[in-house]
Amino acid sequence: HAVKAPFHVINQAGNVPEMVWTSRPVTALKGVIRAPGDKSCSHRALIFGGLAEGRSRFTGLLEGEDVLRTGWAMEALGATVTQTGPGAWDVTGVGRKGLGQPENVLDFGNSGTGSRLLMGLVSGYAINVEMTGDASLRGRPMNRILKPLRLMGGLDTAGPDGTLPFAIVGTESLKGITYTPPIASAQVKSAVLLAGLNAAGTTIVEEARQTRDHTERMLRGFGVTVGTERIGAEGVRVSLEGGQGLTAIDAAIPGDPSSAAFLIAAGILSPAGDVMVEGVMSNPTRSGFYDVANLMGAHLGAEEMGDAAGERLINIHAGAAPLSGKAVPERLVPSMIDEFPILGVMAAFAEGETVVTGAEELRVKESDRIGAVVAMLRANGVEAEERPDGFAVQGCGGPPPGGGLVETRHDHRIAMSALVMGTAAQNPVSVDDISMIATSYPDFLTHMAELGADIVEV
C-alpha cells in the first residue's frame with residue numbers, strides 16, 4: 001500500500017550524517033503561511049479510521065515521519081492506508097473484524113504519541129504486538145501507560161524500567177477502571193480510553209487539570225459516545241462504555257497550533273515582523289502558548305475561519321512586539337506542553353524574568369526539555385536556570401547575544417526553536433542536527449524561507 005513508500009525514504013534519511021545548520025539574523029520576516037496539519041489529530045485520524053467500519057477520507061493530514069509510522073502500524077494491524085494526493089489519505093478500517101496479528105515488530109521511530117496510543121488500543125485484542133522505536137523513544141518512560149493498562153487486566157513483557165522494546169500481550173478480557181493519572185498527560189488519558197473501547201464496563205479518566213481533548217472530540221466524530229464533565233476548578237472526568245464501534249468519516253485535519261507557534265514567535269521577535277498563519281486550530285486545551293504570548297505583550301490578532309474535524313479554525317496574525325517576562329500561570333501548562341522550547345526563546349528577548357513551574361512533564365518528552373531549553377539558551381548568552389518542574393529565564397530586554405551551537409538532543413522542537421532564535425539574535429545561531437524536524441513539521445525550513453529567514457547548512 002502507498003503508506004509504505006515514504007518509509008523507504010525515512011530509513012535512508014536516518015543514515016545521513018548529522019550536519020550543522022545555521023540561522024542568521026534578518027531584518028524582517030513577513031508573509032502568509034497555511035499551518036501544517038495538526039500532528040495530534042493526524043495520528044488519531046489514522047488510528048480511528050483504521051479501527052472504524054468503512055472507508056474514511058482525510059485531507060490536510062500531516063505527512064511527518066511520526067504520523068506515517070502510525071499509518072504503517074495500523075496497516076500492520078489490518079487496516080488499509082492509502083495516500084491519494086498531498087495530505088489526502090483514504091483509510092479502510094478493520095471494523096467488526098477487529099485488529100489482526102502483525103507479522104513484524106512495530107517500529108514507531110521517534111513517535112511517543114503513536115506508540116503510546118497504540119499500546120492502549122491493542123491491549124484489548126487477542127494479539128501479541130512487539131513494539132520498538134529509535135534511541136530517543138527507547139529512552140522514554142512507558143510505565144505511566146503500562147500501569148493503568150495492567151490495572152485493566154492488560155499484559156506486557158516490559159522490564160521494571162518500562163522502556164521499549166517490549167510486547168503488548170493483548171487480551172479480550174479487559175475491564176473498565178476509574179483512573180487518575182499522577183501527571184497530566186493526554187497520551188496517558190488517550191491510551192486508557194482506547195483500551196476502554198474493548199473493555200467490559202465503563203472506563204473513566206479523571207484529570208486534575210484538563211489536557212488536550214482531541215481523542216474525546218474525534219471519537220465522537222466517529223460515532224462513539226464519550227462523556228465529559230467538570231470536576232473542581234480545572235479538572236475533568238472523561239468516560240466511555242466498552243464495546244462501541246466506530247463508523248468511517250470524511251474530515252479535514254485542522255492546522256497545528258504547536259507548529260504554528262514557531263512562525264508566530266518568529267513574527268513577534270523579528271524587528272519588522274508581519275506574519276499571518278492561516279487555518280490554525282483554536283482549542284482551549286491547546287491555546288496556552290498564545291495566551292502567554294499575549295500576556296507578555298504580543299497582541300496577537302485572530303480571525304474566525306470556520307471549522308474542521310470538530311475544531312474551530314482561526315487565522316493568527318503576529319507583528320513585531322516588545323515582550324515582558326512573566327510567571328506562566330500553572331493552569332495554562334497542560335495546554336502549551338509542546339511550546340515551552342519556543343516560549344524559552346521568547347523569554348530570552350523579553351524584559352525581565354520568565355518563570356515556568358508545574359511542567360515536570362517536560363522531563364520525559366523527546367528529550368529532557370527542561371535541561372535542553374536551558375542549555376540552548378545558555379549556549380547563546382542567555383541567563384537561565386533549571387527548576388525541578390520548569391525553568392527561569394532572565395530576559396535580555398532585546399535580542400540575545402546568540403552565536404552558539406545548540407545540541408538538539410534529537411528533539412525537533414529544540415531544533416526549530418533555536419533556528420527561530422537565530423533569525424533575530426545579535427549573532428547567528430547553529431544547531432547540530434535538523435533531521436528530526438521532519439517528524440513533526442516537514443515544511444518548516446521551506447516555510448521559514450518563504451518568510452525571509454536565512455537558514456543554511458554549513
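This briefing describes two sheets, the helices that pack on them, and two buried helices. The model is predicted. One open sheet has the strand order β2-β15-β17-β16, and another has the order β4-β5-β3-β14. Helices α11 and α13 are each largely enclosed by the rest of the structure, because every one of their residues is buried.

**The sheet β2-β15-β17-β16**

- Four strands form this open sheet, and their pairing is mixed.
- Strands β2 (30–34) and β16 (301–308) stand at the edges with a single partner strand each, so one side of each has no neighbour in the sheet.
- From one strand to the next, the twist averages 20°.
- Strand β16 pairs with β17 (residues 311–319) in the antiparallel sense, over six bridges.
- Within β17, H317 is the residue that stands opposite G301.
- Helix α9 (residues 257–269) lies across β2, β15 (274–282) and β17, and runs at about 160° to β15.

**The sheet β4-β5-β3-β14**

- This open sheet also contains four strands, with mixed pairing.
- Its edges are β4 (80–85) and β14 (250–252); each has a single partner strand, so one side of each is left without a neighbour in the sheet.
- The twist averages 20° from one strand to the next.
- Strand β3 (residues 55–59) pairs with β14 in the parallel sense over three bridges, and A251 in β14 is the bridge partner of F58.
- Helix α2 packs on this sheet and touches β3, β4 and β5 (88–92). The direction of α2 makes about 30° with that of β5.

**Residue K39 in helix α2**

- K39 belongs to helix α2, which covers residues 39–51.
- The relative accessibility of K39 is 9%, so K39 counts as buried, the cut-off being under 20%.
- The side chains of K39 and D66 are joined by a polar contact of 2.9 Å.

**The buried helices α11 and α13**

- In helix α11 (residues 340–349), 10 of the 10 residues are buried, so the helix is largely enclosed by the rest of the structure.
- The buried residues of α11 include F340, I342, L343 and F349.
- Among the elements that cover the buried residues of α11 are α9, α10 (288–295), β18 (353–356), α12 (369–378), β20 (390–394) and α13.
- Helix α13 (residues 412–424) has 13 of its 13 residues buried, so α13 is likewise largely enclosed by the rest of the structure.
- D411 caps the N-terminal end of α13, with a side-chain oxygen 3.0 Å from the backbone nitrogen of R413.

Notes:
Residues are numbered from 1 along each chain as its sequence is written. This is a predicted model: local features need pLDDT of at least 70, side-chain atom pairs count only at pLDDT 80 or more; totals for chains, interfaces and linings use all residues. Side-chain values use heavy atoms; hydrogens and water are left out. Buried means under 20% relative accessible area, exposed over 50%, partly exposed in between (1.4 Å probe, protein chains only). Helices (H or I, at least four residues) and strands (E, at least two) are DSSP runs, numbered from the N terminus. A polar contact is a pair of N or O atoms within 3.5 Å; within protein, one must be able to donate a hydrogen and the other to accept it, and residues adjacent in sequence count only if both atoms are side-chain atoms. Two strands pair if DSSP finds at least two bridges between them. Axes are lines fitted to C-alpha atoms, for helices over the stretch in contact, and angles run from 0 to 180 degrees between N-to-C directions. Contact means heavy atoms within 4.5 Å.
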